[in-house]
Each structure stands twice: as structure tokens, then as C-alpha cells.
Amino acid sequence: MSFDQQETFSVEPVAITAQDRLKELGMFLSPGIDYDLDKIFPKVEGWGWKLPFKLKYKLLKNFEALLEECLFEGEKVLFFAKGNQHSVTEAVFMGIWANGINHTVFVLTNVRLLMLRTNSKGKPKKTFWMIYYNQIVQFKGNWHGMLKLKLKDGRKLSFSGFAKQDRKTMPAIFEQALKNFRQTKFEPQVSQSLENLCSHCLDKVPKDEFLCETCDTTFWSPKELAIRSFIFPSWGDFLMGHTFIAFLEMFGGLSSWTYLLTGLSKLLKTGDLTELLAPIIFFLLVNGFDALFTYHIASKGLHPKFLPTKISPQLNLEA
Ligand SMILES: [Zn+2]
């Protein structure tokens with residue numbers, strides 16, 4: 001080709017891809033996972049692209065070992081973002097503190113939605129779920145980033161708190177993933193629409209079961225945790241790894257026990273049984289409420305009691 005011929009070509013600007021940006025920044029994602037990078041990193045140029053890109057990469061790296069453990073053969077990661085799951089009960093009783101225990105990473109693949117609890121900094125905790133797309137009967141995403149799902153077994157879930165870019169792109173990616181999945185006519189069997197996953201091996205743990213058949217991890221039942229919270233408010237939440245909330249509840253426990261013990265010492269001095277009436281009512285109210293609340297939170301997912309003795313070295317989970 002002569003120089004003259006070359007000049008006649010118009011030079012189209014080549015679009016920058018997420019892959020280019022990863023290379024450029026010296027970032028490296030596991031080749032063992034099939035990522036749809038351009039969907040996961042929707043903004044790769046223009047004003048302010050770099051910070052969200054780096055944050056998403058950091059978050060993704062925190063979860064790579066877990067994803068490698070749980071993705072099926074041929075399963076592709078289409079989208080990945082951190083948000084917050086909403087619970088009306090928790091919002092009423094805990095206000096903004098509820099957000100602290102509901103940070104969740106959402107992974108959309110070609111077959112299911114994985115929901116992985118994290119701490120506020122995006123490090124994985126131990127409670128995980130999945131929803132196969134055939135379990136989603138209704139999906140709604142609105143302009144201010146609230147995402148609502150209605151599941152086949154009647155459960156309703158809502159999420160928000162996604163980053164700006166994710167709010168924009170997630171609804172369309174979700175819709176498309178659901179549409180593509182429906183065309184496959186694949187009908188996986190489930191024990192409930194929102195299936196619990198094992199904290200250790202990420203295999204499915206069926207509804208109302210508290211032992212993972214695959215790796216022998218045992219989980220607390222909501223009743224076991226509620227009884228502990230009744231004995232001393234905060235105990236159940238400590239066991240679930242909700243340290244901050246547990247510290248708040250501890251004040252309730254300290255006051256109900258102090259009041260009860262004071263009543264008891266008065267009874268011993270005076271022999272008057274009525275000294276105990278108010279402390280007992282207070283104890284039943286405070287500890288009873290905490291037990292009910294612990295039961296509600298514990299029923300949402302699995303919380304490990306005993307991990308198997310052989311723990312995969314790559315799974316370094318936050319307590
Ligand atoms: Zn397991």
C-alpha cells in the first residue's frame with residue numbers, strides 16, 4: 001500500500017474499553033471468571049470516570065475468591081454493584097442504623113442474581129443468597145435508583161443506595177438478563193425463591209435447614225439466636241456479626257438486668273414481692289422485644305455457628 005492510498009482512509013476514533021482501562025491502570029481480574037467488563041464498568045472516559053472505576057475494581061477484588069467458588073460452569077457475570085436492602089420493619093425500629101446490617105453486593109449473572117452481604121467498606125460478611133431468574137415475577141427499577149423485586153413465592157424485596165452510574169445502567173441490564181433467561185426455558189428447582197447459600201462453600205442450603213450437606217457448616221437457627229437475645233439483649237446480634245447494633249442493644253440488656261437485680265435485692269431485704277413486679281415487666285418488655293427483633297433479622301439468612309475445620313485459605317471473611 002502506497003503512502004497516498006493510506007491518506008484516503010478516514011481515521012475513526014477507537015472506543016476505549018473497560019479492558020483497556022484495566023490494563024492501563026495495572027489492574028488484574030481473575031481469568032477464571034467470565035466478566036462482561038463493559039457492563040460492570042459502564043463509564044471508562046469523560047469527567048470523573050476514574051474514581052468510580054477504581055472503587056468498583058476494589059470491591060470486585062474483595063469478592064473474586066467467593067465468585068470463583070460459587071459460579072457455575074458457563075455462568076457469566078453481567079453486572080456487579082453494591083447497594084442496600086430495605087426492610088420496613090428494620091427501618092421503623094432501627095432508623096438509619098438498619099443500613100449498617102443491610103449492605104449487599106448484587107451480582108447479576110446469566111442465570112441468577114447473587115446477593116452477598118458486606119460490611120460498610122465492601123468486605124464480604126457471611127450471609128449470602130441467590131435468586132434464579134425464573135423466581136422473579138416482577139422487576140421494577142425507578143429513576144432514583146430504587147429496585148423492587150416480586151418473587152414467585154410472594155416475597156417482595158427492595159434495594160437502593162447504588163452508585164450513580166450503576167443506578168443508570170442496572171435496570172436495563174437486569175431486564176435484558178431476565179429476557180434472555182426466559183428464552184432458555186431453564187427451570188431450576190428451588191426450596192424457596194430467595195435461596196440461602198452456605199457461608200463457607202456457597203452451595204444451596206434448603207429452606208428451614210441449618211446444616212450444609214456439602215461442607216458440614218452448621219448455622220444458628222433464628223430460635224437459638226432469639227433465646228440468647230432474650231437472656232441478654234445483643235447476644236444474638238453479636239453472634240450474627242452485627243457488632244455495632246449489638247453494642248446499642250447492650251444498653252437495653254444492662255438496664256433490664258440492673259433493674260431486675262435491684263428489685264431482687266429489695267425483695268430480699270423487705271420480703272415484699274411487689275418490689276419485683278415492675279422490674280419483671282420491664283425485663284419482659286425489653287428482652288422480649290430484642291428477642292423478637294433478633295428472630296426477625298436471623299430469619300432473613302444464614303449465620304454460621306461452626307465452620308468446618310478445613311477452611312478454604314482464599315476465603316478470608318469478615319466476622
Ligand atoms: Zn457449605
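Core and contacts in a predicted model

Trainee: How many helices and strands does the secondary structure of the protein chain come to?
Mentor: The model is a predicted one. The secondary structure of its protein chain comes to eleven helices and twelve strands.

Trainee: Which element gives the most to the largest nonpolar core?
Mentor: This core has 45 residues, and Val 107, Leu 116 and Leu 197 touch the most other members. Elements that each supply at least two residues include strand 3 (103-109), strand 4 (112-118) and helix 7 (164-184). The top contributor, with six residues, is helix 4.

Trainee: How many residues does the other core have?
Mentor: That core lies apart from the largest one. Among its members are Ile 101, Ala 226, Ala 246 and Phe 293, and its residues number eleven.

Trainee: Which residues does Leu 197 touch, not counting those up to four places away in sequence?
Mentor: Leu 197 is among the residues that touch the most other members of the largest core. Leaving out residues up to four places away in sequence, its contacts are Cys 70, Phe 128, Trp 129, Met 130, Leu 202, Asp 203, Lys 204 and Val 205.

Trainee: Is Gln 165 buried, partly exposed or exposed?
Mentor: Gln 165 lies in helix 7. Within 10 Å it has 17 other C-beta atoms. A buried residue needs 20 or more and an exposed one has 12 or fewer, so Gln 165 is partly exposed.

Trainee: What distance separates the C-alpha atoms of Gln 165 and Trp 49?
Mentor: Gln 165 touches Pro 42, Lys 43 and Pro 52, among residues over four places away in sequence. Trp 49 is 116 residues from Gln 165 along the chain, and their C-alpha atoms are separated by 9.7 Å.

Technical notes:
Residues numbered from 1 in each chain as written. Predicted model: local features only at pLDDT ≥ 70, side-chain atom pairs only at ≥ 80, totals over all residues. Core = buried A, V, L, I, M, F, W, Y, C linked by C-beta atoms within 7 Å. Helix = DSSP H or I, 4+ residues; strand = E, 2+ residues; numbered from the N terminus. Contact = placed C-beta atoms within 7 Å.
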